[in-house]
Amino acid sequence: MLILLDAQILKSLKEKVHKLPMQPGVYIMKDKNNTVIYVGKAKKLKNRVSSYFRAIDHHLPKVYKMVQNVVDFDYIVTDSEFEALVLECSLIKLHNPKYNILLKDDKGYSYIKITNEPFPRIVSDKNHLDDGSEYIGPYMSGFVVNQTVDEVNKVFQLPTCSRKFPAEFGKGRPCLNYHMKLCMGLCQGKVPQNEYAEIIAQAKNYIHNGGDLTEELTRKMEECAEKLEFEKAARYRDRIMAIRKIGDKQKVIFSKVENQDVLGFVATDNNSVCSMLIFRGGRLVDKQDYLLGEPGALDEMRREFIAQYYTTPDRIPPLVTVDGEVADQELLAGLLSDRLGRKVTIHIPQRGEQARLVEMALKNCAQTLSHETDKTGREIAALDELAKTLGMETPPSYIEAYDISNFGAATKVAGMVVFENGKPLRSAYKKFTIKTVEGTDDYASMQEVIGRRLARYEQEKDTGRGFGRLPDLILLDGGQGHLNAVQPILEAFGLKIPMYGMVKDDRHRTRAIASDGGEISISAHKRAFNLVTAIQDEVHRFSITYSRSKHRKSGLESVLTGIPGIGKTRAAALYRHFKTVKAISAASEEDLLAAPGMTRPAAEAVYGYFHPAESAPE
């Protein structure tokens, strides 16, 4: 429900806007307590600030909320847009305004913990406790700690299960990790405590010294072989192989660019995140996630994050790779270049290695957001990719899809399915019987269905549920013709809901998205493609199932109404009670009599119709 800005305040703000110059500068929005709630820069102050107070209800949610709290604003004129950008960064840092991005990462310090027990484990921990365990750290990067712990446990085949040792030695079979040579099988009780302590010492050395122990382990393997200790030698051999395998795996995560950061941004309705992959020396050395709060326009969000994060030269690489458009990209690159003292490039890749690294960053974004919502990382990534493909500012969390299904001119129906957060919301599915269209006119049928749906919204919008909730996106099973037919219906209701068609190829597989500007190919966007295909398949299944059911019911009712004493009402009641023709034909007279609305003569007539030989006079 819209909450309109106070008329007097709005009038005062608009009067002040008229006095603004058409020059670059910074504007500072304040609330009723004179607290700074937003700082922005503008190429032309008058144009930019006035945009906040026009068509307020059409703003993105974050901007809408901010505008509702604005009581006054100040401004500072600058000589250039570049100076405005520098000043904006400084004022944001000074005031920490509520509606600007506030950089909060998802981690504190992390430690590598070697537990205090007879057979210690190596784990990661966020806390340094006084529990007798040995802690290595602290580390700023939880990513590095988790990667290191995972690597060490694999290299030294240390147990990661929940069993207690030595209390559970010999109890139960070894787990799958043992058979995959990821665990030494400590649970079997065949590794002496002194040998295990030696392995832990080697693991600590591996952590502290960066990893290459192959020469020392090879020497020990050969010594064991000479002493005919073949089982122990095999364990050293497996450790050497694991170290080499880990080294090969690390070579996969590399960049041809020596030093760069790769940024991905993903948003849901009420939260957004930036995942940053940090490459130094051509190798991935760290990942950092920043929760950015409620999203605004993505290009502005990217600009604001980059301007605020890269404030000191030690943070700034020569290349910043980003997943999409950045507002004021050239100005921003100039700002970073000034801060670093050498050229910095902001790059938006389309293909190749850099595009694959961006994809990796986006996957991490989606996974981080999945911990904040009830969506999985896959669903978040699919919705985000769909939004970017369609040019939407934020991912559509509530999608309605429609399909028309005909069995000749007599049976015309439509199905509406709903996907919420990328998953089917079956409780919101709706069925429509086409009432006003003669013949099999899909365009007119779709017009009727959308018109009826939006009319129900007008009746129920105060509830915010079911038909009283508007979708973020409407998908029609069809192409340009369907869109052209339905668009005037939306306009007649004064609604601006993104609407697209789902186009199939000759084999009835999703091929593209139809828009008012033509077709948008989605086959290259795997997650978005899979989501749209799932939606199209589901709405087709739902509508055709309803159509077939209605067709069968119609055919059955026409058969039943030919029986003396059975009209449409009684035929419909029989169908609802027995569900199928087979069940009605197999029913006894007593079973038929038990159906709603049936009399003894009517039951005898139906029974006689399906059992003529039994009912014929002798």
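## A walk through the predicted structure

N34 sits in the loop that runs between β1 and β2, and this is a convenient place to enter the structure, which is a predicted model. The phi angle of N34 is near 65 degrees, a positive value in a residue other than glycine. The loop belongs to the hairpin of β1 and β2, in which five residues lie between the two strands.

From this hairpin the reader can follow strand β1, which covers residues 25-30 and is largely enclosed by the rest of the structure, because six of its six residues are buried. In a regular strand, side chains alternate between the two faces of the sheet. In β1, G25, Y27 and M29 point one way while V26, I28 and K30 point the other way, and all of these residues are buried. The strand has partners in β2 and β3: with β2 (residues 36-42) it pairs in the antiparallel sense over six bridges, and with β3 (residues 72-77) it also pairs in the antiparallel sense over six bridges. G25 shows both pairings, since this residue stands opposite A42 in β2 and opposite V77 in β3.

The next topic is the interior. In soluble globular proteins, nonpolar side chains tend to be buried together. Here the largest nonpolar core has 27 residues, and the members that touch the most other members are L263, F265, F305, I306 and Y310. Helices and strands both contribute to this core, with at least two residues coming from each of α4 (81-95), β8 (260-267), β9 (272-280), α10 (298-309), β11 (319-322) and α11 (329-340). The element that gives the most is α10, which supplies six residues. A second core, separate from this one, has 26 residues, among them Y402, F467, I474 and I497.

Helix α10 also has a packing partner in α11, for the axes of the two helices are 10 Å apart and meet at an angle of about 10 degrees. Angles under 35 degrees count as roughly parallel, and α10 and α11 are therefore roughly parallel to each other. On the α10 side the contact is made by R303, I306 and A307, and on the α11 side by L332, L336 and R339.

Charged residues give another view of the chain. Side chains of opposite charge can pair when their charged atoms come close. A search of the whole structure finds 27 salt bridges, and a few of them can be followed in detail. In one of them the side chains of D131 and K113 meet, with 3.1 Å from N to O. D131 lies in the loop between β6 (122-125) and β7 (134-139), whereas K113 belongs to strand β5 (residues 110-114), so this pair ties together parts that are 18 residues apart in sequence. D131 counts as partly exposed because its relative accessibility is 31%, while K113, with a relative accessible area of 11%, is buried.

Another salt bridge joins D261 and R280, whose closest N and O atoms are 3.1 Å apart. This pair links distant parts of the chain, with D261 in strand β8 and R280 in strand β9, 19 residues apart. D261 counts as buried at 1% relative accessibility, whereas R280, at 28%, counts as partly exposed.

A further salt bridge is formed by E359 and R527, and here the closest N and O atoms are 2.5 Å apart. E359 lies in helix α12 (residues 352-370) and R527 in helix α16 (residues 526-560), so that the pair links parts of the chain that are 168 residues apart. At 27% relative accessibility E359 counts as partly exposed, and at 19% R527 counts as buried, because buried means under 20%. Elsewhere, salt bridges that share partners join K41, E81, E88, E300, R303 and D328 into one network.

Some details of the backbone complete the walk. A cis peptide bond, with omega at about 10 degrees, joins F165 and P166, and P166 is found in the loop between α5 (142-155) and α6 (176-179). N421, in the loop between β14 (411-420) and β15 (423-424), has a positive phi near 55 degrees in a residue other than glycine, and N421 is buried, with a relative accessible area of 15%. Finally, G481 is placed in helix α15 (residues 480-492) and counts as partly exposed at 22% relative accessibility. G481 and G501 are 20 residues apart in sequence, and their C-alpha atoms are 9.0 Å apart in space.

Terms used: Residues are numbered from 1 along each chain as its sequence is written. This is a predicted model: local features need pLDDT of at least 70, side-chain atom pairs count only at pLDDT 80 or more; totals for chains, interfaces and linings use all residues. Side-chain values use heavy atoms; hydrogens and water are left out. Helices (H or I, at least four residues) and strands (E, at least two) are DSSP runs, numbered from the N terminus. Buried means under 20% relative accessible area, exposed over 50%, partly exposed in between (1.4 Å probe, protein chains only). Two strands pair if DSSP finds at least two bridges between them. A nonpolar core is a set of buried Ala, Val, Leu, Ile, Met, Phe, Trp, Tyr and Cys residues joined through side-chain atoms within 4.5 Å. A salt bridge is a side-chain nitrogen of Lys or Arg within 4 Å of a carboxyl oxygen of Asp or Glu. Axes are lines fitted to C-alpha atoms, for helices over the stretch in contact, and angles run from 0 to 180 degrees between N-to-C directions. Angles under 35 degrees count as roughly parallel, over 145 as roughly antiparallel, 65 to 115 as roughly perpendicular and the rest as oblique. Contact means heavy atoms within 4.5 Å.
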